[in-house]
Amino acid sequence: MILEKINNPSDLKKLTLAERNQLADEMREILVHKIDITGGHVGPNLGFLEATIALHTVFNSPQDKIVFDVSHQCYAHKMLTGRKKYFTDESLYEEISGFTAPKESVHDLFQIGHTSTGVSLATGLAKARDLQHQKFNVIAVVGDGSLTGGEALEGLDNASVLGSNIIIIVNDNEMSIAENHGGLYQNLRLLRETNGTAENNFFKAMGFEYHYVANGNNIADLTEMFEKVKDTNVPTIVHIHTLKGHGLKVAEENKELFHWIMPGTVTQMQHPSSTPAVQSPDYTSLTVDWFLQQKKTDSTVIAVTAGTPGATGFFPDFRKEMGAQFLDVGICEQHAVATVSGMAKGGAKPMFAVLSTFIQRSYDQLAQDLALNNSPATILVYWGGLSGMDATHVGAFDIPLIANIPNMIYLAPTNAEEYRAMLDWSAKQTQHSVAIRVPFGPFITTGIPDTTDYGILNRYQVVEEGSKVALIGVGNFFERAREVKQLLKEKAGISATLINPKFLTGVDADLLNSLKKTHQLVVTLEDGVLDGGFGEKIARFYGASDMKVLCFGGQKEFTDRVPLDELFIRYHLTPELIIKDIQTVLKGA
């Protein structure tokens, strides 16, 4: 195998073109096998494989700095920079990050997993280089889908006037995660259709030197172009047209599905089972069904996504059926929040579905454009909670982020009936900006309709009366609180009060004060970081009283692919460890 000869990027320079093409075939086979076992990004990596080989053939990493925007196209880069064993040895598969990671290699400059940041980071590197009178190339690799993000445009605006070496490779595969949206893509299409010669050129208008490679999966063409722009002294765009999922037919034909896959997807798609899979109900399908039902009677309800429709269940059939009542604004969460605020002020009923990790990108819009104006839009926050995700995709920070913004109502349902009732209320009310933390975990249904009036703010529900200890279980962790109650009864003979707060943005003062009469300890359990979280509100409320408070949740840290069971032990979140801490506090009381 050619790959056996490659231990660092300089080894590529010794290969013939034929050997580089053979290397691409070998790497593609290895990547597909590995991703089918572990899951991961298929389409982005296969589409940029040849370009990665050409990049490392021409440039001299790590002297030359390569920044991968989002970095979900970095697998080939890792294989060529001393980390191939993690892709060829199945016992090591899980030890490598799916994104660039400086702790792994000097060839990785940043830990990146959110989009549209690459040009800004590269511009900063180039400016630091110029201030120190150094000489090396700075290359940013940016997908066309990333160009919808405001920061990408801000980065381009500043990179274009840098006046020195910066090379921005626009990897145009005509796709974001799903299809591209926005006016910029009309110009990209025009440039593709004219082989880069159209007079109307967005990049030239900004001041860049512009080059186009029609076959961005051709190593020879790419190598020739990279040699041409290497060591340039002006800001330069290299626009390459690639095929997402290149070389894997099933990925080429199912580009959206194969952006990121679960383990076994390649095998399953290539050898489909004759027995159709049974779709169990979940909160995603509940949401989809709710939107489709609303559409039948209300033309003002609209489902909004920022470039991640599949993650929230908004698949092509749903998008088609919703028609004009579905909007994908592209990967730009800031714009999404601001535009749903405008929709709500204009009389529509928008609901923006977004992952917890991505809503972080829109804090100012949540505060200023939405909550400050009391726009009655709804934010549906998915995947909120502790998880074994990589450091750039953990969803444990949304409660402190959202629940401390004035005027914002953040709700945490514990089951399907509550979630449906919250959707209904939020769509009808016109007084508040609302966020709903979509349950992240097993689908729980009680079979009993939720009749709560959510217009009466911060009213907690006492689910089971008890004494001595009160357990407040938030959202995903309500069932954990129920487990603790049962175990506390068995081990300590204490019949605890069980409370479902439902609201994350305020305290039920009347209820909390009433607990002082018959309780010694209040315990909060939340599926997120404790600093700035729900539990701190309860602890602060009782601060001047004799009531003891124990808050359980995550520590303030960036975890990176740490198994959830390990986190639960680290944070004392198993029922047994919670009971142990409760007993310790009660003994000292």
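1. Start with a side-chain pair. In this predicted model, serine 164 and aspartate 130 are joined through their side chains by a polar contact of 2.5 Å. Aspartate 130 lies within the stretch given for α6 (118-131).

2. Where does serine 164 sit? Its place is the loop between α7 (150-159) and β4 (166-172). Look there before turning to the helix itself.

3. Is serine 164 buried or exposed? Its relative accessibility is 12%. Buried means under 20%, so serine 164 counts as buried.

4. Next, the neighbours. Leaving out residues up to four places away in sequence, serine 164 touches Arg129, Asp130, Asn233, Val234 and Pro235. Asp130 is thus on the contact list and is also the polar partner.

5. Now α7. Its buried residues are Ala152, Gly155, Leu156 and Ala159. They sit on the same side of α7, because the arc they cover around the axis is only 100°. The general rule is helpful here: an α-helix has 3.6 residues a turn, so residues three or four places apart point the same way.

6. What covers the buried residues of α7? The cover includes α6 (118-131), β4, α9 (202-206) and β6 (235-241). Of these, β4 also marks one end of the loop that holds serine 164.

7. Last, the cysteines. How many disulfides does the structure hold? It holds zero. Cysteine 332 is buried, at a relative accessible area of 9%. Cysteine 551 has 27% relative accessibility and counts as partly exposed. That value falls between the cut-offs of 20% and 50%, which is why cysteine 551 is not called buried.

How values were computed. Residues numbered from 1 in each chain as written. Predicted model: local features only at pLDDT ≥ 70, side-chain atom pairs only at ≥ 80, totals over all residues. Heavy atoms only, no water. Helix = DSSP H or I, 4+ residues; strand = E, 2+ residues; numbered from the N terminus. Buried < 20%, exposed > 50% of the residue type's maximum accessible area, 1.4 Å probe, protein only. Polar contact = N/O pair within 3.5 Å; in protein donor to acceptor, adjacent residues only side chain to side chain. Contact = heavy atoms within 4.5 Å. Arc of directions from axis to C-beta. Disulfide = S-S within 2.5 Å.
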